[in-house]
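Here is a protein to look around in. Take a moment with the picture, and then we'll walk through it together.

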Amino acid sequence: MSKVVRQLLPFATLAILVAALSALEPDTFLTTENFLNVLSRSSVNGIIAMGMTAVIISGGIDLSVGSMLALSGMVGAGVLLKLGGPQAGAWACFLGTMVGIGTGLLCGLLNGTLITKLKLPPFIVTLGTMSAFRGASYIINNSKMFDVPMYTFLGQSTLLGVPVSVVILAVVVLFGFFVLRYTPLGRYTYAIGSNRQAAFHAGVNVDRNLIAIYSMMGAFVGLAAMIQTSRTISAQPTAGISLELDIIAAVVIGGASLAGGRGTIVGTIVGTLLISFLRNGCTLLGISTNIQLVVIGAIIIGAVALDQVARSRADTK
C-alpha cells in the first residue's frame, strides 16, 4: 500500500461512513442538531487524543488516561465545592477548573518521570498508574461522586450557536498541530519515536522531551475531565473506564504507528470523528454497545495490520 493511499484511507473511510449513515437514517442523521451533538461528544476524546498522538509518535503509550480523567475531575470538582459550596461563583469554578487541569498535568509529569528515570516501558508504568489513579479517585470522596449543578459553562454553553466544548477542541487541535509541525518539541517527538538512540546521539535531551510530552498529555486529560464534569454536572470516580480504547483507536486509525515516528494531528481528529460517527450511527440504527466494542476492536486490529504490512514492505525495499 502506497504512502498516499495509506494517508487518504481514514478520510475515505469517514466519507463512506457518513454517506452510508446519511442513506440509512436521513431524517435523524442529516440534521444540524445531530452533527453538533456528535462534535460535542467528540470534544473530550478529541482533546485527549491530541496528547496521545504525541505520546504514540514518540514511541510510547498511555493506558492511564481514563483513570486520570476520573481523578482530575474529582479533584477539580472537590476544590470547586470547597471554595464556593453548592452556589459556587465564577471564581470558584475557574479555580476548580485550573486545579483539575493541574492535577492532570501532575499525573502526566509522574508518568513521564517514572518512564524516563526508572527506564521502565511506558506500557508497564501507565498500567500501574492506571490502577493508582483510579484508586485515588475513589478515596477522595469515599467512592461517592460530586454534584456540581452550577458548573455548566464548559460542557453545556454555546458561543454563536457552537458548543463551547467544540470551540475548545478546535483551539487544542490548532495548538497540537502547531507544536508538532513548527516547534523543536514536535521535531524531537518524531526523532525520538523514529530512533531513540540516534536522537540521543544527535544531541536531543530525550528524557526532558519525553517528560514534556507526557505532561502535555496529562494537561489535556485534565482539561477534558473538566469538560466532562461540566457536561454531566457531576464528577464521578467511575468516569473514563475503558476510555483508553477509544483514544488509542482514534490515533491508530488516523494513521499513527504504534512503533513510533509517524502520526498527524489531522489524522487523529479524523479517527476521532470516525469513531464518534460510528457510535452515533450504531445508536441510531439500534445496534447494541457490545457490538460497537467488537467493531471498534476489529478496526484497531485492521489499522495495526495495515501499518505492519506497510512497514514490512518498506523494510524489504
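We'll start with the whole chain, then move on to a helix pair and two single residues.

First, a bit of housekeeping. What you see is a predicted model, where local features need pLDDT of at least 70 and side-chain atom pairs count only at pLDDT 80 or more, while totals for chains, interfaces and linings use all residues. Residues are numbered from 1 along each chain as its sequence is written, and side-chain values use heavy atoms, with hydrogens and water left out.

Now the big view. The protein has 14 helices and 4 strands; these are DSSP runs numbered from the N terminus, with helices being H or I over at least four residues and strands E over at least two. Its radius of gyration is 20 Å, close to the 20 Å that the globule rule gives for 317 residues, so the protein is as compact as a globular protein of that length. (That radius is taken over C-alpha atoms, and the rule is 2.2 Å times the number of residues to the power 0.38.) Of the 317 residues, 49% count as buried, meaning under 20% relative accessible area, with exposed being over 50% and partly exposed in between (1.4 Å probe, protein chains only).

Next, find helix α3 (residues 32-57) and helix α8 (residues 164-182). Their axes come within 8 Å and cross at roughly 15°; axes here are lines fitted to C-alpha atoms, for helices over the stretch in contact, and angles run from 0 to 180 degrees between N-to-C directions. That's why α3 and α8 are roughly parallel to each other, a label for angles under 35 degrees (over 145 is roughly antiparallel, 65 to 115 roughly perpendicular and the rest oblique). Who meets whom? In α3, the residues include L39, G46 and M50, and in α8 they include V166, L169 and V172; contact means heavy atoms within 4.5 Å.

Let's finish with two residues. R134 sits in helix α6 (residues 122-140), and at 13% relative accessibility it counts as buried. Leaving aside neighbours within four places in sequence, R134 is in contact with several residues, among them G66, S67, P237 and I241. And where is S242? Look in the loop between β4 (234-235) and α12 (243-253). S242 counts as partly exposed, at 43% relative accessibility. G66 turns up here too: the C-alpha atoms of S242 and G66 are separated by 6.5 Å, though the two are 176 residues apart along the chain.
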